Amino acid sequence: MADDERLNFEAAREKLKSCVNKAKGENDEAELVAVFEKTAGSEQEKKLVVDQVFRDLVKESVLKGGNMERYKLLISLVIKSAIRGHCSPNLVFILLSDVFDCITLEQCDPLFTFVEERVSTWTMPLFFSAGKNLLLRMSNDLLRRLSTSQNTVFCGRIQLFLARLFPLSEKSGLNLMSQFNYENITTYTQRTGADHKDKVTGSEMEVDDREAGELIPSVVPIDFNLYKKFWALQDYFRNPTQCYNTMAWKTFTANTKEVLNVFRSHKLEHVTWKKKAKELKDLQGSNSKDVARYFAKFLTNEKLLDLQLSDSNFRRTILVQMLIIYQYLVGDVKFKSTNQVLNESQSTWVKETTSQVYELLRETPPDGDKFTKAVEHILEREENWISWKNEGCPSFIKERSEDETNPKPTRKRKVSIGDEMISGWKSKKVLMGSNELTRLWNLCPDNLEACKADNRVFLPTLEEYFSEAIEQADPDAMVEDEYKVIKNSNFGWRALRLLARRSHHFFQPSTNPFKTLPDYLESVVQQLEKELPNLKNEEGIVVNGTTDTGVPLT
């Protein structure tokens, strides 16, 4: 390789860095493209230079304190360069991870908004294949830094972003083994022995005695036994599989019954909630900036339980938790062991308790019926997701067949009438314009011969048709006149048609006409009985020498 064709890394780095610094917007990449094309060296070598230039610029921005607009500009230029093939596709995700690691949580919010708005860019094959794992790692690192109680909205935005980014069948977000979050432990006050003082475990939030005394007490009598049973249910909600143990099941059902009895005995008034909603609305209207979004984990101080029982949202949360665990206990989950099955009495208890929980949800204001219908709908859809996971989470994307990916021309050349006639003459067929009509028409080449075929004869012989009448005419048969077949009008009508075609007995002299059809048929039967030995020869001549219309008599 000649000296002028070799890459001067430092010189190219300074030129490209100067071009990026001059850019005022994401569309000002023309000079950068020109410098990239004029720089000596292979494509791979020049890509390494561009990668290093953007890394240096991001590092300088972080050291200077960080300007959000500067970050957005650099990331936008990296995206444009990657699409043109001037840098590595995964560079944009590496830079985003570095920036998120170096800035504060307050600065992460606007930068993540920038990332959210470009979901369509990240799902492009160029970026998705190279950076899906980097994006997932970046989002999880950000979630670990956030507080689920104080940054609830931000955490939800990250989860929605991942849901939009990855397909439903992405294995990393499916919990295929149906594992539970055993780390979600709810701590509460416990008393041991004769010690009657509250002992708070974990990071429990305490309530000042003066402030608790100023709160309006509830009408529900609260004792430590109820308090302990109430919060003990959270351990079953965290790990439902322990309900399949006999002793644990007894404890779970007993605690559930007592909690439901408390909810049932202490009804919430809708008027109270209208007043609280108005106060909250006035508070938000007066100074909405001071109203912080705070979603705390359950506060388990013993002094708060009487107030929590009067809280509609708190009550709904507990009741919905019960419905979720009931659905799991009786549901068909693929990864349950063989001994994790409820017996008949336990299943009956779950069914009855589920009805009681739904009834309590309907009685809980505000909009109890509306909220209950929404919960029922969500749990019904959850059954579909459970079935989908039991089947191995098949992809919702329908794979295209080879015919769909490479469609063949469906329009065929129209055959002319002359070509059809020539084709028919060669195959000695009469083409009728339809495959079925052509098949039927060409079953027999000669139509006259087809009419003379034996399978076209539908008339019975005189011997076959009148055999029963002849037997009944014999006095030894002792058949009464009213039960003879000649008395049947249908038999007589068919007999006349048969005689008109196959016997000269149909024509009788008019000098002595018959008054009724049975009398006429009786005389014909008598004549046929006499001529029966010669009847076969006569019928053979008629059948073989004439054609029939094809109308069946029977």
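These are a few informal notes on the pockets, helices and odd backbone spots in this predicted model.

1. **Ground rules.** Since we're looking at a prediction, local features need pLDDT of at least 70 and side-chain atom pairs count only at pLDDT 80 or more, while totals for chains, interfaces and linings use all residues. Numbering runs from 1 along each chain as its sequence is written, and side-chain values use heavy atoms, with hydrogens and water left out.

2. **The second largest pocket.** A pocket here is an open set of points on a 1 Å grid over the protein atoms alone, with protein on both sides within 12 Å along at least five of seven lines. The second largest one holds about 1500 Å³ of space, where a volume is the space filled by probe spheres set on the points, joined across faces, edges and corners. Its lining has 45 residues, and Leu 174, Asn 175, Gln 179, Glu 382 and Lys 389 are the closest to its centre; a lining residue has an atom within 4 Å of a point.

3. **Who builds that pocket.** At least two lining residues of the second largest pocket come from each of α8 (125-145), α9 (152-165), α11 (224-238), α15 (312-330) and α17 (368-390). Helices are DSSP runs of H or I, at least four residues, numbered from the N terminus. By class, this lining splits into 23 nonpolar, 16 polar and six charged residues. For the classes, Ala, Val, Leu, Ile, Met, Phe, Trp, Tyr, Cys and Pro are nonpolar, Asp, Glu, Lys and Arg are charged, and the others, Gly among them, are polar.

4. **Largest cavity.** A cavity is a set of grid points where a 1.4 Å probe fits but cannot get out. The structure has two of 30 Å³ or more. The largest cavity holds about 40 Å³ and is lined by Phe 263, His 266, Lys 267, Leu 268, Arg 315, Leu 360, Glu 363 and Thr 364. That lining is a mix: three nonpolar, two polar and three charged residues.

5. **Second largest cavity.** About 30 Å³ of space sits in this one, with Leu 226, Phe 230, Val 259, Val 262, Phe 263 and Leu 309 around it. The elements giving two or more of these residues are α11 and α12 (246-265), and α12 has the largest share, with three. By class there are six nonpolar residues, no polar and no charged. Phe 263 turns up in the lining of the largest cavity and again in this one.

6. **Helix α23.** Residues 489-502 make up α23, and its 14 residues should span 20 Å at 1.5 Å a residue (1.5 Å times one less than the number of residues); the end C-alpha atoms are 20 Å apart, so that agrees. Buried (under 20% relative accessible area, 1.4 Å probe, protein chains only) are Phe 491, Gly 492, Ala 495, Leu 498, Leu 499 and Arg 502. Looking down the axis, the buried residues of α23 fall within an arc of 130° (taken over the directions from the helix axis to the C-beta atoms), so they line one face of the helix. Ser 489 and Trp 493 are exposed (over 50%) on the face turned away from the buried side. At the N-terminal end, Asn 488 acts as a cap, with a side-chain oxygen 3.0 Å from the backbone nitrogen of Asn 490.

7. **Helix α4.** The 17 residues of α4 (residues 68-84) should span 24 Å, and the end C-alpha atoms are 25 Å apart, which agrees. Its buried residues include Met 68, Tyr 71, Leu 73, Leu 74 and Ile 75. Just after α4, Gly 85 has a positive phi of about 85°.

8. **Backbone spots to look at.** Pro 365 and Pro 366 are joined by a cis peptide bond, with omega about -5°, and Pro 366 is in the loop between α16 (344-363) and α17. Ser 178, in the loop between α9 and α10 (209-214), has phi near 55°, a positive value in a residue other than glycine. Cys 393 also has phi near 55°; this residue lies in the loop between α17 and α18 (402-405) and is buried at 3% relative accessible area.

9. **Tyr 182.** This residue sits in the loop between α9 and α10 and counts as partly exposed (between the 20% and 50% cut-offs) at 42% relative accessibility. Tyr 182 and Asp 235 are 53 residues apart in sequence, yet 9.1 Å apart in space, C-alpha to C-alpha.

Conventions:
A polar contact is a pair of N or O atoms within 3.5 Å; within protein, one must be able to donate a hydrogen and the other to accept it, and residues adjacent in sequence count only if both atoms are side-chain atoms.
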